[in-house]
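Me: I have a structure to look at and do not know where to start. Could you take me through a few features, one at a time?

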Amino acid sequence: MIRESEAPHAADPHGWSGVAEGWAELWGGFAEPAWRALADVTGIGPSSRTLDVGCGSGEFVAFLDRLGASAAGADPDPGMVGVARSRVSGAEVRVGDAERLPWPDAAFDVVTAINALQFADDTDDAVAELVRVTVPGGLVGISNWAESDRNDLGTIDAAVAAAAGEDVSKDGDLRKPGGLEALLGDGGLEVVAAGLVEVVWEAPDDDVLVRGVLLGEEPQVVAATAATVIEAARPFRTSGGYRFVNAFRYAAARKPG
Ligand SMILES: C[S@@+](CC[C@H](N)C(=O)[O-])C[C@H]1O[C@@H](n2cnc3c(N)ncnc32)[C@H](O)[C@@H]1O
């Protein structure tokens, strides 16, 4: 799994290059409970102009499109943008960082970011940019993984880190209770809703388990770590593979009118 603590390397400043197809296959639909919560609290409907920032392979953009909204997406990784465009032909998906969105001021009624803002160089700058492209009176909605001890997958991350002789990465501010609300409040917005949703990730077999957990790792790291992943996942075995219960937090806030 591409962990938040990993430093991007020079040739791939975002660390997401080359994983778009794998992300779409293994993780693309997994945060659906968070999509539903955000769409609900922001009131997205057929007349909404929406932008999803850090849209990855575009599953949430497609969801917004199915809701009848005018849906757009942005992601810095051209591979992700390519997959997202192929998924939602009617949506405008552009290459762009959260910190530099290629749209004019006040272009959207609702702007979202799911499991993405932690990769921005500066989350406050990113929020300021999300706010810039939101209409006065419009809403910004963010969702992220909750703190590690709410996530079964945290057990696997800890085992992988231990096998590599690394410390387990500490939870970033966006994962902590109140972290999303604080970020939005500091950005000058009025928080209107916040909550926690259960997000389940399932792997039908060892192959999908290892490919999902170690997505983005070099082949030699995958070969060396696969057995650790399978052993750590033992408590989460079911009759049909593996099931991990995790949590995402979400918050929505209004831009002053
Ligand atoms: C964990 S994936 C999540 C993708 C999608 N939001 C989802 O929930 O499936 C993180 C995404 O954030 C993107 N990303 C990385 N740095 C970013 C930045 N500075 N601004 C916006 N998105 C960024 C990556 O390219 C990747 O597509």
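## Reading the features in turn

Reply: The model is a predicted one. Begin with the ligand shell, which by class holds 10 nonpolar, 4 polar and 4 charged residues.

Me: How many residues surround the ligand, and which are the closest?

Reply: The ligand is surrounded by 18 residues. W23, G54, D75, A98 and I114 are the closest of these.

Me: What should I look for in the polar contacts of the ligand?

Reply: Look for pairs of N or O atoms within 3.5 Å. Here a nitrogen atom of the ligand lies 2.7 Å from a polar backbone atom of G54. For I114, a polar backbone atom is 2.8 Å from a nitrogen atom of the ligand. With E99 the partner is an N or O atom of the side chain, 3.1 Å from a ligand nitrogen. As for cover, the ligand on its own has 590 Å² of accessible area, and the protein covers 97% of that.

Me: Now the helices. How do I read the length of α9?

Reply: Set the span beside the expected value. Helix α9 runs over residues 219–232, which is 14 residues. From first C-alpha to last, α9 reaches 20 Å, close to the 20 Å expected at 1.5 Å a residue.

Me: Where does α9 bend, and by about how much?

Reply: The bend in α9 is at T225 and comes to about 45°. T225 is also buried, as are A226, V229 and A232 of that helix.

Me: What is there to read in the phi angles?

Reply: Most residues other than glycine have a negative phi. A106 is not a glycine, yet has a positive phi of about 55°. N115, also not a glycine, has a positive phi of about 55°.

Me: Where do A106 and N115 sit, and is each buried or partly exposed?

Reply: A106 belongs to the loop that joins β3 (92–95) and β4 (108–114). N115 lies in the loop between β4 and α5 (123–132). Buried means under 20% relative accessible area. N115 has 15%, so N115 is buried. A106 has 30%, and is therefore partly exposed.

Me: One more residue: which helix holds R87, and what is the C-alpha separation of R87 and A62?

Reply: R87 is part of helix α4, residues 78–87. Along the chain R87 and A62 are 25 residues apart, while their C-alpha atoms are separated by 6.9 Å. R87 is partly exposed, with a relative accessible area of 36%.

Terms used:
Residues numbered from 1 in each chain as written. Predicted model: local features only at pLDDT ≥ 70, side-chain atom pairs only at ≥ 80, totals over all residues. Heavy atoms only, no water. Near = heavy atom within 4 Å. Polar contact = N/O pair within 3.5 Å; in protein donor to acceptor, adjacent residues only side chain to side chain. Areas by Shrake-Rupley, 256 points an atom, 1.4 Å probe, with all protein chains shown as cover. Nonpolar A, V, L, I, M, F, W, Y, C, P; charged D, E, K, R; others polar. Helix = DSSP H or I, 4+ residues; strand = E, 2+ residues; numbered from the N terminus. Expected span 1.5 Å × (residues − 1). Bend = angle between axes of the 7 residues up to and from the residue. Buried < 20%, exposed > 50% of the residue type's maximum accessible area, 1.4 Å probe, protein only.
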